[in-house]
Structures are given as structure tokens and as C-alpha cells.
Amino acid sequence: MQAGMLAGWLSDWVGAEHLREYEVHFLAPVFPGDVLRLAGEIVAIGEEDGVAVADISLQVSRADEPVVRARGRAVVRAYA
């Protein structure tokens, strides 16, 4: 459930059409009633096949305990 929530949050942020990779690691169980916090940050921007891509670090936490860590890679959109 929490990986799906994180995937939805990430695709809303970067646009599903720009998402190239998504990898998840479960660290701890989640229980009914837990309050979860989703967070992410761009950790690098580089080039892949001539296209700018962003490496994104993601985490789901319960209180101060990470329960899911993930990473994503997305095409960087240019705005004119």
C-alpha cells in the first residue's frame, strides 16, 4: 500500500509520462492507524541518451522511522 501511495505521489510530482525508473525497499511494516509522511528530493541531474534526467530519493516515514525507501529517475521537463 505505502509503495503505491509513494508511486502515485511521485508520478503526480514529475508526471507519469516522464518517469523512467522506480525502485522500492521495504524497511518496516505499516499498521492500520499509522500516520505516514511521504518525502522526496532531487539528488542529481544528469544526462541519459541525450536527455536530461533527475535522480530522486524518496521516503515514507512513520513518526521519525523510515518504513520505505525508494528511488526514481525522471526526464527533466523544460519550461519556456
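**Four strands and a helix: the reasoning behind the words**

Me: Which residue takes a positive phi in the hairpin of E2 and E3?

Reply: Asp49 does, with a phi near 55°, and the hairpin has two residues between its strands. Please keep in mind that this is a predicted model.

Me: What makes E2 and E3 a pair of strands?

Reply: Strands count as paired when at least two bridges are found between them. E2 and E3 are joined by 12 bridges and run antiparallel, so they meet the cut-off of at least two bridges. One example is Ile42, whose bridge partner in E3 is Ile56.

Me: How do you know that E1 and E4 pair?

Reply: The test is again at least two bridges. E1 and strand E4 (residues 65-75) have seven, in the antiparallel sense, and therefore they pass. His25 stands opposite Arg69 in E4.

Me: Why is the sheet called open, and what are its edge strands?

Reply: Its four strands follow the order E1-E4-E3-E2, with antiparallel pairing, in an open sheet. At the edges are strand E1 (19-26) and strand E2 (36-48), each of which pairs on one side only. From one strand to the next, the twist averages 15°.

Me: Where does helix H1 pack?

Reply: Helix H1 (residues 2-14) packs on the sheet, touching E1, E2, strand E3 (51-62) and E4, and its direction makes about 50° with that of E2. After H1 comes Gly15, which has a positive phi near 90°.

Me: How do you know that the span of H1 agrees with its number of residues?

Reply: H1 has 13 residues, so at 1.5 Å a residue it should span 18 Å. Its end C-alpha atoms are 18 Å apart, which agrees.

Me: What makes the buried residues of H1 line one face of the helix?

Reply: The buried residues are Gln2, Ala3, Leu6, Leu10 and Val14. Viewed down the axis of H1, the buried residues fall within an arc of 95°, so they line one face. E1, E2, E3 and E4 are among the elements that cover them.

Me: Why is Ser61 called buried?

Reply: Ser61 lies in strand E3. Its relative accessible area is 6%, and buried means under 20%, so Ser61 qualifies. Beyond its neighbours within four places in sequence, Ser61 is in contact with Val35, Leu36, Arg37, Pro66 and Val67.

Me: What makes the link between the side chains of Ser61 and Gln59 a polar contact?

Reply: The two side chains come to 2.9 Å, and a polar contact needs N or O atoms within 3.5 Å, so the distance fits the cut-off.

Key. Residues numbered from 1 in each chain as written. Predicted model: local features only at pLDDT ≥ 70, side-chain atom pairs only at ≥ 80, totals over all residues. Heavy atoms only, no water. Axes fitted to C-alpha atoms, helices over the stretch in contact; angles between N-to-C directions. Contact = heavy atoms within 4.5 Å. Expected span 1.5 Å × (residues − 1). Buried < 20%, exposed > 50% of the residue type's maximum accessible area, 1.4 Å probe, protein only. Arc of directions from axis to C-beta. Polar contact = N/O pair within 3.5 Å; in protein donor to acceptor, adjacent residues only side chain to side chain.
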